[in-house]
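Work through the exercises below with the sequence and the model at hand. Each task is followed by a solution in steps.

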Amino acid sequence: MSENGLSKERLTWMYTQMARIREFEERVKRTFEEHPGVIRGHTHLADGAEASIVGALAALGPDDQLTATYRGHGYPIALGTDTKAMMAEIYGKETGICRGYGGSMHFVDVGRGFLGTSGIVGQGIPHAAGAAWGAQIRGKGQVVLSFFGDGASKQGAFHETLNIASLWKLPVVFVMENNNYQAYTRVEQEDANAAAGEPLAVKAKAYSMPGVTVDGGDPVAVHDVVHAAVERARSGDGPTLVESLVYRLSAHGNIIAPPGVPLHYPEHEAIHVFGNVEEYEAAKRGDPVPRFRARLVTDGVLTVEEADAIAEAAQQEMQAAVEFGLASPFPAPEKAVEFVYA
Amino acid sequence: MAREIPYIQAIGEAVHQEMARDETVIYFGQNLGLTEDDPYVKAFGGDRVRVTPISETAEIGMAVGAAFAGFRPVVQLYMAEFMLVAMDQVVNEAPRFYGMSGGEVRVPLVLQAGYGFTAGWAGQHTGTIYGMFMGVPGLKVVVPSTPADAKGLMTASIRDDNPVVFFHNYLMTLEHGDVPEGEHVVPLGEAVVRREGSDVTIVGIGWTVGKALAAAEQLAADGIEAEVVDPRTLAPLDVATIVHSVEKTGRLVVVDQATRHASAAAVIAAEVASEGFSALKAPIGLVTALDATIPYSQPMEEYLMPSEERIVAAVQQAVGSSPVAA
């Protein structure tokens, strides 16, 4: 059984990663309620974007690379980064993937091609292009994916970088996850293309590169579009802008509050800012994780038992990640000055 | 073997030699490498030498990404102020990843930025702005004051595993000096004593090192022996060498082309006040540019700038002051 040339094994891998990302994010969110004070600062979740993340990463080869944003938990999970170390990082522990220096917003796993995540909107886009320039010089056919949100496409960094990437035909694919909200602001309130009723992918036209809009809730569709873009980049024809339409199912982030105020996840902006309950409920009904599961079961790729086993394994894995994170020690305070200069 | 070449040529020579030595060194920026005859393009090819649009955020951001990917980018920015349109990349991206990743990610890159062009460039192209960067943890800041140091410090900057802002002074562009022909490395973070003396320490920075040395000669004629210290690197700052000199002389005048409250001089004065207070026999003198937008017209521009006369006056005041401690 296959879909669009993807083997049963590959489709099962895709669903497994989606289930793992969802479970990880659920456990991060639950931590705010179950273990108050354990997570500090600002944490951003990828629930709702699993299909887009996994579909895009499924198009990469083993030597390809990526950069992403502060909403960056999903990518390393799919790449195979240890979820125990990831949860420990969010909990500020010395066993974290960044030893407690980075927290939720700055995951990195260079060995798996995950080069780094900037917490500043849009600023990671030139980092991806720089890595792609390196790949072009090396000439070994590597491609770099640059993940960012719709809000980032109003940054100068986006426009400057798309121009150079197209001009130099860099092997980079720009994957814009358009979740319709720039933090709390609706995209029509801040994007000229959206206000005019056009897809954001039309921005590609200004830089003479293909711009494609895809249903980010369908991992196979995302895979196909990103795969074509990756192959175009690999063959030396330059970058593509992929607009992947997703709907994040959690709020932009946990509430922003001074010390002493317990942090929690508010309701999605559609509800708590705009009072649009139906928009949010519709998005929930279209939730890509159960949607893909149902499709694979219907198509005979997975049995119900197999799908249940995948979900069960994800729950166990993330339970272990939470326990590991909670049990891990904090870094010694004096370690704070260890990594000033390399 | 050394021979006399200009300051700017010494910098280019270091870049060229390092590109020949290490194929991961790449060089890019605006208006460079435009033809096949360009000496860098000729030697290293159009892949490693590339002209960019006027897009500093992308240029510096791509340098960060190329560094992620194992390269050692040198970004030719021409004027230091052009970094200001890409401040996030300089201050909040390049120097942050090593720390944020717990040592996992290194970002070796060099931003070549000319500063201090107080030659009629008016308000927006004359700034001595290294003070904005020397307090950024993870960023190294280099300010060469001689052609030989310009070469040696650029070599060290390219080989360093951290982001380095290499501030070269535009007024010194054509100043000649002895520069070693082959490999020449001046370690980052090490100050040098340019002139020995026992009565007062004068710290000069970049262009003002020459001013300090000239003032020291004037003072010597009056029997005052000044020791001139050149930090060469502002971050990390070699506080120990400066304090050691002050312990010997008991007096300190810091000379800086930067406007006073954004100057490196203010930081150096604070460090000496903190670390070497007991050695001080007089208040620390600051000879800096005055806190104003640099005017176009020459008499006004000169009025703001530190001069030999102002250095001499500050030293005479320091030497003539009553001791604060017996």
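A residue counts as buried if 20 or more other C-beta atoms lie within 10 Å of its own, as exposed if 12 or fewer do, and as partly exposed in between. The model is predicted.

**Exercise 1.** Determine whether B:Asn31 is buried or exposed, and state where in chain B it lies.

Solution. Begin with the position: B:Asn31 sits in the loop between β2 (25–29) and α2 (39–44) of chain B. Next, look at the backbone: phi of B:Asn31 is positive, about 60°, although the residue is not a glycine. Then count neighbours: 10 other C-beta atoms lie within 10 Å, so B:Asn31 is exposed.

**Exercise 2.** Do the same for A:Arg99: is it buried or exposed?

Solution. A:Arg99 belongs to the loop between α4 (83–90) and β2 (114–118) of chain A. Its phi is near 60°, a positive value in a residue other than glycine. The neighbour count is 21 other C-beta atoms within 10 Å, and A:Arg99 is therefore buried.

**Exercise 3.** Describe how α7 and α11 of chain B pack.

Solution. Two packed helices are described by the angle between their axes and the distance between the axes. For helix α7 (residues 207–221) and helix α11 (residues 308–320) of chain B, the angle is about 55° and the axes are 9 Å apart. This angle makes α7(B) oblique to α11(B). The crossing of the two helices is right-handed. Now list the residues: α7(B) contributes B:Lys211, B:Ala212, B:Ala214, B:Ala215, B:Gln218 and B:Leu219, which meet B:Glu308, B:Ile311, B:Val312 and B:Val315 of α11(B). By class, the residues of this contact are seven nonpolar, one polar and two charged.

**Exercise 4.** Assess the compactness of chain B from its radius of gyration.

Solution. Chain B contains eleven helices and 14 strands. Its radius of gyration is 20 Å, close to the 20 Å that the globule rule gives for 326 residues, so chain B is as compact as a globular protein of that length. Of the 326 residues in chain B, 55% are buried.

**Exercise 5.** Which helix gives the largest share of the side of chain B that touches chain A?

Solution. The contact takes 35 residues from chain B and 32 residues from chain A. On the side of chain B, α3 (56–68), α4 (87–93) and α5 (97–100) each supply at least two residues. The largest share, nine residues, comes from α3(B). This side of chain B has 14 nonpolar, 14 polar and seven charged residues.

Methods
Residues numbered from 1 in each chain as written. Chains lettered and ligands numbered in written order. Predicted model: local features only at pLDDT ≥ 70, side-chain atom pairs only at ≥ 80, totals over all residues. Contact = placed C-beta atoms within 7 Å. Helix = DSSP H or I, 4+ residues; strand = E, 2+ residues; numbered from the N terminus. Nonpolar A, V, L, I, M, F, W, Y, C, P; charged D, E, K, R; others polar. Rg over C-alpha atoms; globule rule 2.2 N^0.38 Å. Axes fitted to C-alpha atoms, helices over the stretch in contact; angles between N-to-C directions. Parallel < 35°, antiparallel > 145°, perpendicular 65-115°, else oblique. Left-handed = near helix turned anticlockwise from the far one by under 90°.
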